[in-house]
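Biologist: I would like to walk through this model with you. Could you take my questions in turn?

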Amino acid sequence: IERPVCSSVIERPVCSSVIERPVCSTQKSSTLIYRCRCTPRGATVVKSRTPSTMANPSGGTPKVTMPQGNDNIIEKAAAPIATLASHADPWPHYLMSGACGASALYTYSSLNNPRMAAIKAGLGLAYLWGGRQLVTGNPQLGYDVGSITSLALVGVAGPRARATSEMSAVAMAALGGISSVSNVIKSYEMRTGKPKEMGYERS
(Lines give C-alpha, C1' and ligand atoms only; values in the text may rest on other atoms or scores of the structure.)
Protein backbone atom coordinates (compact mmCIF):
# COMPACT_ATOMS: atom_id res chain seq x y z
CA ILE A 1 0.00 0.00 0.00
CA GLU A 2 1.30 3.39 -0.91
CA ARG A 3 1.93 5.94 1.76
CA PRO A 4 -0.74 8.68 1.49
CA VAL A 5 0.19 12.28 0.86
CA CYS A 6 -1.28 14.99 3.09
CA SER A 7 -1.69 18.63 2.21
CA SER A 8 -0.62 21.12 4.87
CA VAL A 9 0.35 24.77 5.00
CA ILE A 10 3.26 23.99 7.31
CA GLU A 11 4.78 20.63 6.51
CA ARG A 12 3.70 17.15 5.52
CA PRO A 13 2.09 15.58 8.61
CA VAL A 14 2.49 11.93 9.45
CA CYS A 15 -0.64 9.80 9.18
CA SER A 16 -1.48 7.08 11.61
CA SER A 17 -2.94 4.78 8.98
CA VAL A 18 -2.62 4.20 5.26
CA ILE A 19 -5.83 2.33 4.55
CA GLU A 20 -8.94 4.55 4.39
CA ARG A 21 -8.82 8.32 4.93
CA PRO A 22 -6.90 8.38 8.20
CA VAL A 23 -6.98 11.66 10.13
CA CYS A 24 -3.74 13.55 10.51
CA SER A 25 -2.98 16.88 12.07
CA THR A 26 -0.29 19.47 12.29
CA GLN A 27 0.08 22.57 14.41
CA LYS A 28 0.98 26.09 13.35
CA SER A 29 2.83 27.85 16.21
CA SER A 30 0.91 27.36 19.47
CA THR A 31 -2.41 28.79 18.45
CA LEU A 32 -3.65 27.60 15.08
CA ILE A 33 -4.33 23.90 14.52
CA TYR A 34 -5.08 22.53 11.08
CA ARG A 35 -6.65 19.18 10.31
CA CYS A 36 -6.62 17.36 6.99
CA ARG A 37 -7.74 14.00 5.75
CA CYS A 38 -5.05 11.91 4.07
CA THR A 39 -5.88 9.88 1.03
CA PRO A 40 -3.86 7.58 -1.19
CA ARG A 41 -1.58 9.41 -3.61
CA GLY A 42 -3.50 11.12 -6.42
CA ALA A 43 -6.85 11.23 -4.59
CA THR A 44 -8.62 14.41 -3.46
CA VAL A 45 -7.38 15.97 -0.24
CA VAL A 46 -9.94 17.60 2.04
CA LYS A 47 -8.66 20.20 4.50
CA SER A 48 -10.57 22.13 7.15
CA ARG A 49 -10.04 24.03 10.36
CA THR A 50 -11.53 22.87 13.61
CA PRO A 51 -13.84 25.73 14.71
CA SER A 52 -13.69 25.04 18.44
CA THR A 53 -9.90 24.88 18.40
CA MET A 54 -9.58 28.06 16.36
CA ALA A 55 -11.93 29.97 18.66
CA ASN A 56 -10.21 28.83 21.85
CA PRO A 57 -6.84 27.24 21.05
CA SER A 58 -5.67 26.96 24.65
CA GLY A 59 -8.88 25.36 25.82
CA GLY A 60 -9.26 27.91 28.63
CA THR A 61 -12.04 30.30 29.47
CA PRO A 62 -11.50 33.94 28.37
CA LYS A 63 -11.35 36.32 31.32
CA VAL A 64 -11.18 40.11 31.38
CA THR A 65 -8.36 41.42 33.54
CA MET A 66 -8.03 44.82 35.20
CA PRO A 67 -4.50 46.13 34.64
CA GLN A 68 -2.21 47.45 37.35
CA GLY A 69 -1.48 51.16 37.42
CA ASN A 70 -4.98 52.65 37.71
CA ASP A 71 -4.45 54.35 41.04
CA ASN A 72 -7.88 55.71 41.89
CA ILE A 73 -11.53 54.86 41.47
CA ILE A 74 -11.98 57.30 38.57
CA GLU A 75 -9.22 55.67 36.51
CA LYS A 76 -10.58 52.21 37.29
CA ALA A 77 -14.08 53.27 36.22
CA ALA A 78 -12.73 54.89 33.03
CA ALA A 79 -10.68 51.83 31.98
CA PRO A 80 -13.61 49.92 30.37
CA ILE A 81 -14.68 53.05 28.46
CA ALA A 82 -11.14 53.65 27.18
CA THR A 83 -10.84 49.99 26.16
CA LEU A 84 -14.15 50.02 24.31
CA ALA A 85 -13.25 53.28 22.54
CA SER A 86 -9.91 51.88 21.41
CA HIS A 87 -11.66 48.91 19.79
CA ALA A 88 -14.52 50.90 18.25
CA ASP A 89 -12.82 54.06 16.94
CA PRO A 90 -13.06 55.76 14.50
CA TRP A 91 -16.61 54.50 13.88
CA PRO A 92 -18.24 56.41 16.79
CA HIS A 93 -16.90 59.63 15.27
CA TYR A 94 -18.42 58.74 11.91
CA LEU A 95 -21.69 57.78 13.60
CA MET A 96 -21.84 61.14 15.35
CA SER A 97 -21.05 62.88 12.07
CA GLY A 98 -23.98 61.13 10.39
CA ALA A 99 -26.28 61.87 13.33
CA CYS A 100 -25.40 65.56 13.20
CA GLY A 101 -26.00 65.62 9.45
CA ALA A 102 -29.41 63.97 9.81
CA SER A 103 -30.35 66.30 12.63
CA ALA A 104 -29.26 69.31 10.58
CA LEU A 105 -31.46 68.19 7.70
CA TYR A 106 -34.43 67.68 10.04
CA THR A 107 -33.88 71.07 11.69
CA TYR A 108 -33.77 72.81 8.33
CA SER A 109 -36.65 71.05 6.60
CA SER A 110 -39.08 70.42 9.46
CA LEU A 111 -38.29 73.12 12.00
CA ASN A 112 -37.36 75.82 9.47
CA ASN A 113 -34.31 76.84 11.47
CA PRO A 114 -31.42 77.31 9.01
CA ARG A 115 -29.08 78.81 11.62
CA MET A 116 -29.28 75.79 13.92
CA ALA A 117 -29.10 73.45 10.93
CA ALA A 118 -25.85 75.10 9.82
CA ILE A 119 -24.38 74.73 13.32
CA LYS A 120 -25.23 71.03 13.46
CA ALA A 121 -23.85 70.47 9.97
CA GLY A 122 -20.60 72.14 11.02
CA LEU A 123 -20.39 69.89 14.08
CA GLY A 124 -20.93 66.88 11.81
CA LEU A 125 -17.99 67.92 9.64
CA ALA A 126 -15.85 68.38 12.75
CA TYR A 127 -16.66 64.83 13.88
CA LEU A 128 -15.79 63.52 10.43
CA TRP A 129 -12.45 65.33 10.42
CA GLY A 130 -11.65 64.16 13.94
CA GLY A 131 -12.36 60.57 12.95
CA ARG A 132 -10.01 60.88 10.00
CA GLN A 133 -7.23 62.02 12.36
CA LEU A 134 -7.59 58.77 14.27
CA VAL A 135 -7.13 56.82 11.04
CA THR A 136 -4.23 58.85 9.66
CA GLY A 137 -2.05 58.60 12.76
CA ASN A 138 -2.87 61.70 14.82
CA PRO A 139 -5.09 60.27 17.57
CA GLN A 140 -4.48 62.99 20.16
CA LEU A 141 -5.76 65.67 17.81
CA GLY A 142 -8.67 63.43 16.80
CA TYR A 143 -9.76 62.95 20.40
CA ASP A 144 -9.25 66.64 21.20
CA VAL A 145 -11.50 67.59 18.28
CA GLY A 146 -14.01 64.96 19.34
CA SER A 147 -14.05 66.29 22.90
CA ILE A 148 -14.56 69.93 21.87
CA THR A 149 -17.19 69.02 19.27
CA SER A 150 -19.12 66.82 21.71
CA LEU A 151 -19.17 69.50 24.40
CA ALA A 152 -20.31 72.04 21.80
CA LEU A 153 -23.11 69.69 20.74
CA VAL A 154 -24.28 69.37 24.34
CA GLY A 155 -24.20 73.15 24.62
CA VAL A 156 -26.26 73.53 21.45
CA ALA A 157 -28.82 70.76 21.95
CA GLY A 158 -29.03 70.66 25.75
CA PRO A 159 -30.88 73.96 26.36
CA ARG A 160 -33.37 73.23 23.61
CA ALA A 161 -33.94 69.73 24.96
CA ARG A 162 -34.70 71.12 28.42
CA ALA A 163 -36.96 73.87 27.09
CA THR A 164 -38.99 71.93 24.53
CA SER A 165 -38.37 68.20 25.20
CA GLU A 166 -38.14 67.84 21.43
CA MET A 167 -37.07 64.31 20.52
CA SER A 168 -34.35 65.39 18.11
CA ALA A 169 -32.78 67.78 20.62
CA VAL A 170 -32.97 65.24 23.46
CA ALA A 171 -31.33 62.54 21.30
CA MET A 172 -28.52 64.83 20.15
CA ALA A 173 -27.87 66.09 23.68
CA ALA A 174 -27.66 62.50 24.95
CA LEU A 175 -25.34 61.41 22.14
CA GLY A 176 -23.17 64.48 22.72
CA GLY A 177 -22.92 63.66 26.42
CA ILE A 178 -21.86 60.06 25.79
CA SER A 179 -19.37 61.14 23.14
CA SER A 180 -17.97 63.82 25.47
CA VAL A 181 -17.17 61.26 28.18
CA SER A 182 -15.48 58.86 25.75
CA ASN A 183 -13.42 61.50 23.95
CA VAL A 184 -12.31 63.30 27.10
CA ILE A 185 -11.12 60.01 28.62
CA LYS A 186 -9.18 59.10 25.48
CA SER A 187 -7.74 62.60 25.17
CA TYR A 188 -6.51 62.33 28.77
CA GLU A 189 -5.11 58.86 28.09
CA MET A 190 -3.14 60.15 25.09
CA ARG A 191 -1.37 62.65 27.37
CA THR A 192 -0.84 60.66 30.56
CA GLY A 193 -1.02 56.99 29.60
CA LYS A 194 -3.90 56.50 32.02
CA PRO A 195 -6.30 54.90 32.51
CA LYS A 196 -4.56 51.64 31.70
CA GLU A 197 -6.80 49.64 29.38
CA MET A 198 -8.23 46.25 30.23
CA GLY A 199 -6.74 43.03 28.90
CA TYR A 200 -7.76 39.42 28.32
CA GLU A 201 -6.30 36.16 29.49
CA ARG A 202 -7.33 32.51 29.46
CA SER A 203 -7.68 30.62 32.68
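What follows is a short exchange on the fold, an aromatic pair, the open and closed spaces, and a helix contact.

Biologist: What pattern do the helices and strands follow along the sequence?
Modeller: Keep in mind that this is a predicted model. The protein has six helices and five strands. Read along the sequence, they give the pattern β-β-β-α-β-α-α-α-α-α-β.

Biologist: What share of the residues counts as buried?
Modeller: A residue is buried when its relative accessible area is under 20%. The protein has 203 residues, and the share that meets this is 33%.

Biologist: How much of the exposed area do carbon and sulfur atoms supply?
Modeller: The protein exposes about 12,000 Å². The part from carbon and sulfur atoms is 60%.

Biologist: Of the contacts between residues at least 6 apart in sequence, what share joins residues at least 24 apart?
Modeller: A contact here means heavy atoms within 4.5 Å. Of the contacts between residues at least 6 apart, the share joining residues at least 24 apart is 55%.

Biologist: Is the aromatic pair of W91 and Y94 stacked or edge-to-face?
Modeller: A search of the whole structure finds one aromatic pair. Its ring centres, in W91 and Y94, are 5.6 Å apart, and the planes meet at 80°. Planes over 60 degrees apart count as edge-to-face. With its 80°, the pair of W91 and Y94 is therefore edge-to-face.

Biologist: Why are W91 and Y94 separated by about one helical turn?
Modeller: Both residues belong to helix α3, which covers residues 91-109. Because they are three residues apart in that helix, the separation is about one helical turn.

Biologist: Which class does W91 fall in, buried or exposed?
Modeller: The cut-off for exposed is over 50% relative accessible area. Y94 has 22% and counts as partly exposed. W91 has 61%, so W91 counts as exposed.

Biologist: Which helix gives the most to the lining of the largest pocket?
Modeller: The largest pocket has a volume of about 320 Å³. Its lining has 16 residues, and the closest to the centre are P92, I178, S179, S182 and N183. Helices α2 (73-88), α3 and α6 (167-192) each supply at least two lining residues. With six residues, the helix that gives the most is α6.

Biologist: How many residues in the lining of the largest pocket are charged?
Modeller: By class, the lining has 11 nonpolar and four polar residues. The charged count is one.

Biologist: How many charged residues line the second largest cavity?
Modeller: The structure holds two cavities of 30 Å³ or more. The second largest has about 30 Å³ of space. Its lining is T107, L111, N113, M116, K120, R160 and E166. Two of these are nonpolar and two polar, and the charged number three.

Biologist: How far apart are the C-alpha atoms of L151 and S180?
Modeller: L151 sits in helix α5, residues 139-164. With a relative accessible area of 52%, L151 is exposed. L151 and S180 are 29 residues apart along the chain, yet their C-alpha atoms are separated by 5.9 Å.

Biologist: And how far apart are the C-alpha atoms of G177 and L151?
Modeller: G177 is in helix α6. At 27% relative accessibility, G177 counts as partly exposed. G177 and L151 are 26 residues apart along the chain, and the separation of their C-alpha atoms is 7.2 Å.

Notes. Residues numbered from 1 in each chain as written. Predicted model: local features only at pLDDT ≥ 70, side-chain atom pairs only at ≥ 80, totals over all residues. Heavy atoms only, no water. Phe/Tyr/Trp six-rings, centres within 6.5 Å; stacked < 30°, edge-to-face > 60°. Helix = DSSP H or I, 4+ residues; strand = E, 2+ residues; numbered from the N terminus. Buried < 20%, exposed > 50% of the residue type's maximum accessible area, 1.4 Å probe, protein only. 1 Å grid on protein atoms, 1.4 Å probe; cavity = no way out; pocket = protein on both sides within 12 Å on 5 of 7 lines; lining within 4 Å. Points joined across faces, edges and corners; volume = space filled by probe spheres on them. Nonpolar A, V, L, I, M, F, W, Y, C, P; charged D, E, K, R; others polar. Areas by Shrake-Rupley, 256 points an atom, 1.4 Å probe, with all protein chains shown as cover.
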